[in-house]
Every structure is written in structure tokens, then in C-alpha cells.
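This note is offered to a colleague who is meeting the structure for the first time. The points below are numbered so that each can be checked against the model in turn.

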Amino acid sequence: MQENRVIIFDTTLRDGEQCPGASMNLKEKLEVARQLARLRVDVMEAGFPICSPGDWEAVHTIAQEIDGPTIAGLARAQEKDIEAAGTAIEPARKRRIHTFIATSPIHMEKKLKKTAAEVVEMAVRSVSLARSFTDDVEWSAEDAGRTDLEFLVEIVTAVVEAGATTINIPDTVGYQVPSQYGRIFATLRERVPGIEKCVLSTHCHNDLGLAVANSLAALENGARQVECTINGIGERAGNCSLEEIVMALKVRRDRYGLETGIRTEEIYRSSRLVSSLTGLPVQPNKAIVGRNAFAHEAGIHQDGILKHSQTYEIMTPQDVGVPSSQLVLGKHSGRHAFRKRLEELGYDLSDEEIGKAFERFKKLADKKKEIYDEDLEAIVEDEIYQAGEFLTLEYLQVTAGNRTVATATIQLGREGDIKEEAATGDGPVDATYKAINRLVPIEAELTDYSIKAITRGRDALGEVSVTLKINGRRVAGRAAATDIIEASARAYLNAVNRFLAQEKRAGKDIPAFGEKLPGV
Ligand code: MN
């Protein structure tokens with residue numbers, strides 16, 4: 001690979017998926033993986049196969065179906081982890097095992113309870129074992145940002161000798177600052193024999209808002225791989241954002257002289273897809289992909305832009321694929337236009353799925369004059385990605401007001417059987433949730449509720465995201481509707497249905513109406 005080419009390693013499906021409430025099902029992960037391939041990421045980390053049979057299956061399916069990028073699976077420095085990763089990525093044409101072990105004093109002592117010498121030995125063994133599955137082995141020093149530099153040189157020297165081809169230096173806790181982080185890379189290049197045959201890689205977290213700046217500092221000091229995620233999602237404050245690092249390198253090519261293989265016109269679509277499938281909104285002022293990233297409000301700015309776009313724009317919305325007009329469809333749009341628009345938005349659906357989504361679209365178009373991309377995303381999310389509809393919303397009536405007790409009457413369906421309950425509550429949403437709780441076979445505690453208008457105007461679609469705690473597990477649910485109480489009810493049911501789908505996959509029977517699942 002050329003000296004000035006930066007490898008983009010996307011970890012949206014692994015580190016990104018680790019962030020609270022972001023978990024995706026297999027179909028959703030595949031959809032993201034397809035979009036990442038269109039975006040032309042060089043490597044996609046598809047998951048952490050040892051975590052669960054579901055994770056293994058997701059990585060394996062992505063390895064089977066996605067062509068183009070290298071497919072990576074994560075593994076701790078343990079035999080069973082590396083075997084799981086090795087077998088999961090097996091079908092991919094280009095495959096990588098990414099194995100890691102913690103190297104900071106606090107992690108080695110408190111978490112691993114191992115001496116430094118033992119950690120070196122484990123790292124070497126894991127790299128050798130990984131090499132028996134593939135020639136492409138990445139090794140990471142977890143918490144490298146707080147690792148003693150002398151020890152880092154020692155352990156990197158050992159794993160390079162053992163056959164690691166990419167050396168990743170993660171700032172796992174987001175503690176580093178650019179000058180110091182860059183120095184680590186310079187030191188490794190100076191002192192590790194054979195390092196020139198390996199790719200040095202950066203993996204930064206954004207706890208101090210420095211993930212992108214730190215990644216750039218690493219590149220200035222010889223790193224040639226950046227690990228990042230769409231919209232910067234990830235553990236805690238998230239990871240280095242793919243769109244920001246890629247556009248920084250593109251816009252400031254004069255300064256860095258580096259390039260990536262990313263098709264930047266696919267950035268906006270990728271951002272929307274990940275936001276819609278994870279339920280994690282993008283803040284309006286987010287660089288590159290936020291709603292306001294290209295909105296010019298001040299009169300002087302608007303005037304300047306109209307005269308010459310470069311007066312106030314260092315890149316154009318078209319560079320990152322922001323559609324110039326988002327008004328797409330209406331009541332008179334046909335199935336063909338509908339399908340075409342969904343394809344443009346990055347969805348790859350079967351005829352049957354298109355049919356289902358189109359019916360819903362027609363119903364919405366009767367209520368709402370202008371259908372925006374966000375409406376379509378909400379429809380697809382709601383109709384297609386619902387994880388097994390064990391319970392359906394058949395009927396909902398709510399009364400509420402400032403001088404009346406909120407009351408909800410609800411009917412839920414289960415395989416043709418319909419049951420009704422009513423409840424009062426502190427407001428219409430509370431009343432609705434209490435009524436639902438009487439009918440569902442689990443005890444759920446609502447831990448998070450948020451509502452946002454996802455389209456414009458008074459007839460906008462409202463999207464509700466909820467997080468429930470069921471049996472100690474957190475389950476997220478989302479739904480959109482023009483009626484916010486209905487969206488609230490559907491989001492709650494979406495979470496319950498997701499939980500029940502997981503239980504069913506784990507081999508448990510889902511009880512009939514009126515009975516509770518054992519253990520809850
Ligand atoms: Mn991480």
C-alpha cells in the first residue's frame with residue numbers, strides 16, 4: 001500500500017454497537033454492513049464472536065455476504081476467543097483477527113491479575129494462534145494510552161516478532177492529548193525492530209472530545225490506519241468519528257498529504273442509516289452530518305454563500321452526499337418511485353418487504369402531505385425491522401387533560417387472540433404503559449424515554465425511543481407515528497417484542513396472554 005494511503009477501519013458494528021441502547025439485530029447489522037461496503041471502508045470489524053452465539057452468527061453472516069472490505073472479528077488473548085473469531089470470519093475473502101490484551105499497570109494488576117511478563121507471553125501466544133487462522137492479524141494494547149512507554153516498546157517488539165501485521169495503540173479511556181499521543185507512535189517507529197513491515201493503527205475515544213484530534217496526531221507520526229465509527233458512536237462518549245476524520249483528511253490534504261479510499265458521497269446516507277437503526281440521534285450541530293452542518297443562518301453568511309459558496313463553506317453538502325432537496329414523495333407517488341427512493345437511502349429490501357412498507361407509506365401519505373426521507377426511514381424501521389411481532393397494537397384510546405385523570409384503554413393481539421385492559425396514570429403515556437404492562441408476559445421497568453419530531457411541520461412524524469429494564473437486561477425500542485401517544489405505545493411494544501424474540505431464540509417458550517414468563 002502507498003505511503004500516503006490511510007486504511008479506514010470501521011468499528012460501528014463492534015465498538016459502536018457496544019454503546020448503551022444501540023444493539024442491533026442480525027438484519028440491521030447486515031444492512032449497516034452493506035452500507036459500509038458501499039462507503040468503501042477498508043476493514044469492517046463485524047463484532048466480537050465469543051460474546052454470544054448471536055454475535056458469532058452476525059460476524060459469520062457478514063463474512064459470507066459482504067464482499068469488498070476485509071472482515072475482522074475481535075478476540076481476547078484466549079484460545080476460545082481466537083477460535084470463535086477465526087471460524088466466524090472464515091467465509092470472508094479477506095479476513096482479519098483482531099486480538100487484544102490490556103497493557104496498562106492498572107489493567108494488568110486489577111483486571112487481569114497478571115505480571116507484565118505473563119501478559120507478554122499471552123500476547124505472543126494469541127498472535128501465533130491467530131496466525132494459524134489468517135495471515136492478517138491485528139494486535140491491540142488495550143489502554144495503551146495509560147501504558148508505560150518502555151513496556152509498550154517491549155511488548156510491541158514481541159508481538160511483531162510473533163507475526164502481528166497491524167499494531168493498534170488504543171486510547172481506550174480517552175485520556176490522551178494530541179502531542180503526547182503522537183509521541184507514542186514516533187517512539188514505536190524509532191525503537192521497535194521490524195515495525196516498518198506493520199501498519200500502525202489508532203483507536204481513540206472521545207471522553208475529552210479529542211478522538212479526532214488524537215487520531216490526526218497519530219497519522220502525523222506514522223500511523224496509517226484509523227479505527228472509527230459512523231456518527232462517532234461507541235462506548236461512553238464514543239469513538240473517533242469516521243466522517244470527521246475522513247473529511248479532515250480530504251479538506252486539509254494540503255496539510256497532511258494523506259488520502260483514504262472512502263466514497264465521501266456515501267457519508268450522509270451511512271450516518272442516517274446508522275442513526276435510524278440504532279435509535280441514536282445525531283446532534284444538530286454535529287460536524288459533517290448534523291442537520292445544521294451546512295445551514296447558514298446569519299444574513300451576512302447567506303449573502304456570501306449565494307455570491308460564492310466558498311466564502312463560508314470549506315466543503316459542499318454534495319461532497320458528503322447531503323441531498324439538495326429532501327422532499328421526495330407524496331400521495332401520488334407510485335411503488336416504483338417508492339422502491340427507488342428506498343434504494344437511494346441504502347435499503348435493500350425484498351419484494352414482499354417493499355409491498356409491506358408501501359402499504360404503510362400510502363396510509364401515511366393520506367395523513368401527511370409531504371413525505372421526507374426521515375418518514376421513509378421510520379416506516380422501514382417500524383415495518384421491516386421489528387424483531388418478531390409477538391404482540392400487536394390493535395386498539396388504543398386515551399383521554400387526558402388538565403382537569404381529568406389520564407385513562408388509557410388498549411387492545412393487544414397475539415396470534416388472532418385479542419385482549420383488552422384499561423389503566424389510569426400520571427399523564428397519557430403513563431396510563432398507556434400501565435395498561436400495556438397488564439397484558440404483556442413480563443415485568444418491565446421504563447428507564448429511558450425520549451421523543452423527537454423527525455420530520456418538519458405540524459403533521460410531522462414523532463419518533464419515540466424507550467429503554468426498558470427486563471430481567472436485569474436493557475432493551476431498546478423505537479417507533480414513529482403522527483400521533484405521539486401511539487408512537488409511545490408502539491415503541492414500548494417494540495422493546496417488549498425484541499425481548500421476547502431474544503427469549504425465543506434462547507429456546508424459551510413465550511407464554512399465552514395473562515401468564516408471565518418464568519423468572520420474571
Ligand atoms: Mn474502544
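1. In this predicted model, three strands make up an open sheet in the order E11-E12-E13, and their pairing is antiparallel. Strand E11 (392-401) and strand E13 (417-425) are the edge strands, each of them pairing on one side only. On average, neighbouring strands of this sheet are turned by 10° against each other, direction ignored.

2. Helix H16, residues 428-439, packs on this sheet and touches E11, E12 and E13. The direction of H16 makes about 140° with that of E13.

3. The pairing between E11 and strand E12 (residues 404-414) is antiparallel and extends over eight bridges. As an example of a position to inspect, Leu393 has Leu412 in E12 as its bridge partner.

4. Arg414 deserves a separate look. This residue lies in strand E12. Is Arg414 buried or exposed? Its relative accessible area is 13%, which is under the 20% limit, so Arg414 counts as buried. Leaving aside residues up to four places away in sequence, Arg414 touches Phe390, Leu391, Ile510, Pro511, Ala512 and Phe513. Between Arg414 and Glu389 there are 8.6 Å in space, C-alpha to C-alpha, while the two are 25 residues apart in sequence.

5. Glu415 is found in the loop between E12 and E13. Although Glu415 is not a glycine, its phi is positive, at about 50°. Its relative accessibility is 76%, over the 50% limit, and therefore Glu415 counts as exposed.

6. Arg40 also has a positive phi, near 70°, and is a residue other than glycine. The place of Arg40 is in the loop between H1 and E2. With a relative accessibility of 47%, Arg40 counts as partly exposed.

7. A run of parallel pairings should be followed from strand E1 onwards. Strand E1 (residues 7-10) runs parallel to E2, and two bridges join them; Asp10 stands opposite Met44 in E2. E2 in turn pairs with E3 in the parallel sense over four bridges, and here the bridge partner of Met44 is Ile71 in E3. E3 and E4 also run parallel and are joined by six bridges, with Arg96 in E4 as the bridge partner of Ala72.

8. The covering of these strands can be stated plainly. Strand E2 (residues 43-47) is mostly covered, five of its five residues being buried. For E4, seven of the eight residues are buried, so this strand is largely enclosed by the rest of the structure.

9. Which residues of helix H3 are buried? In H3 (residues 79-88) they are Asp81, Ile82, Ala84, Ala85, Gly86 and Ala88. The elements that cover them include helix H2 (53-65), strand E3 (70-76), strand E4 (95-102) and helix H5 (116-131). In reading such a list, one may recall that an α-helix has 3.6 residues a turn, so residues three or four places apart point the same way.

10. Helix H9 (residues 242-251) may be read in a similar manner. Its buried residues include Leu242, Glu243, Ile245, Val246, Met247 and Leu249. Among the elements covering the buried residues of H9 are E1, helix H1 (26-39), helix H8 (211-220) and strand E8 (225-228), together with helix H10 (253-256) and helix H11 (267-278).

11. At the level of the whole chain, there is a division into domain 1 (7-278), domain 2 (295-383) and domain 3 (394-505). The centres of domain 1 and domain 2, taken over C-alpha atoms, are separated by 33 Å. Their contact involves 17 residues from domain 1 and 19 residues from domain 2.

12. How much area is buried between domain 1 and domain 2? The value is about 1,500 Å², and carbon and sulfur atoms give 49% of it. Of the area that domain 1 buries against domain 2, Tyr268, Arg269 and Arg272 supply 32%, more than any other three residues.

13. The count of salt bridges between domain 1 and domain 2 is one. Glu353 forms a salt bridge with Lys27, and the closest N and O atoms of the pair are 3.1 Å apart.

Terms used:
Residues numbered from 1 in each chain as written. Predicted model: local features only at pLDDT ≥ 70, side-chain atom pairs only at ≥ 80, totals over all residues. Heavy atoms only, no water. Buried < 20%, exposed > 50% of the residue type's maximum accessible area, 1.4 Å probe, protein only. Contact = heavy atoms within 4.5 Å. Pairing = 2+ DSSP bridges. Axes fitted to C-alpha atoms, helices over the stretch in contact; angles between N-to-C directions. Domains from an automatic or database assignment. Buried area = accessible area lost by both parts, 1.4 Å probe. Salt bridge = Lys/Arg side-chain N within 4 Å of Asp/Glu carboxyl O.
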